[in-house]
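Here are some short exercises to work through with the model open beside you. Try each task before you read its solution.

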Amino acid sequence: MRNKLLLLFLSGALFVGFISNSCKKTADYLPTLLTTGKWQLASVQVAHFSGDTLLTTDTLYTACELDQTFTFNADGSCTFTNYSCNSQPVSTGHWSFSKDKLSLNCDMACDSAGTTIVPFKVAQILNLGQYSLVLRTGSLSTFYPADAKRQITRYGFVRVKTQ
């Protein structure tokens, strides 16, 4: 009887150890999802708000003939070609995830209508999957005055297969 109780206890401890160790690796696959292949820009929507009220939504670059691609490398570097539908030199920078893995931080400077901007300095990740990436940037503050003019830009990307 004592041996059966000991065997049951050891089996239970082994099971609990297995379950707890398998749950610790929650976000290790995110860098792999981001760095496998290139991301082609599919849509850009800019929402204009007054406080919490949506005033207008603009869809940008619908007639763009250029491939706009965002590439993330495993070494933490990144590139964006043809940002803002401008045929321009490739923009380069560095990327990282926030501590909670909910935001993308990127120091890449891009030319937009003759002005240098850092569009993905802090980009909220709405979706990161095998085939799609959706980022949101702009006035993302949780607290803002009721009449504050805000702008939020949503970038939608699809993965491009590399040969």
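**Exercise 1. Decide whether Cys 110 is buried or exposed, and whether its sulfur is bonded to another cysteine.**

Step 1. Cys 110 has a relative accessibility of 2% and so counts as buried; buried means under 20% relative accessible area, exposed over 50%, and partly exposed in between (1.4 Å probe, protein chains only).

Step 2. The closest cysteine sulfur to that of Cys 110 belongs to Cys 106, at 7.5 Å, which is too far for a bond. A disulfide is a pair of cysteine sulfur atoms within 2.5 Å.

Step 3. Cys 106 is buried as well, at 3% relative accessible area. Its closest cysteine sulfur is in Cys 78, 3.4 Å away, and that too is too far for a bond.

A word on the ground rules: this is a predicted model, where local features need pLDDT of at least 70 and side-chain atom pairs count only at pLDDT 80 or more, while totals for chains, interfaces and linings use all residues. Residues are numbered from 1 along each chain as its sequence is written, and side-chain values use heavy atoms, with hydrogens and water left out.

**Exercise 2. Find the disulfide and describe its handedness.**

Step 1. Searching the whole structure turns up one disulfide. Its partners are Cys 64 and Cys 85, with an S to S distance of 2.0 Å.

Step 2. Place the partners: Cys 64 sits in the loop between strand 2 (53-60) and strand 3 (69-72), and Cys 85 in the loop between strand 4 (77-81) and strand 5 (91-97). They are 21 residues apart, so the pair links distant parts of the chain. Strands are DSSP runs (E, at least two residues), numbered from the N terminus.

Step 3. The torsion about the S-S bond is about 100 degrees, so this disulfide is right-handed.

Step 4. Cys 85 is partly exposed, at 23% relative accessible area.

**Exercise 3. Which strand gives the most to the lining of the second largest pocket?**

Step 1. A pocket is an open set of points on a 1 Å grid over the protein atoms alone, where a 1.4 Å probe fits, with protein on both sides within 12 Å along at least five of seven lines; lining residues have an atom within 4 Å of a point.

Step 2. This pocket's lining has 14 residues, and Cys 64 is among the closest to its centre, along with Leu 41, Ala 42, Tyr 61 and Gln 68.

Step 3. Strand 1 gives the most, with five residues.

Conventions: Helix = DSSP H or I, 4+ residues; strand = E, 2+ residues; numbered from the N terminus.
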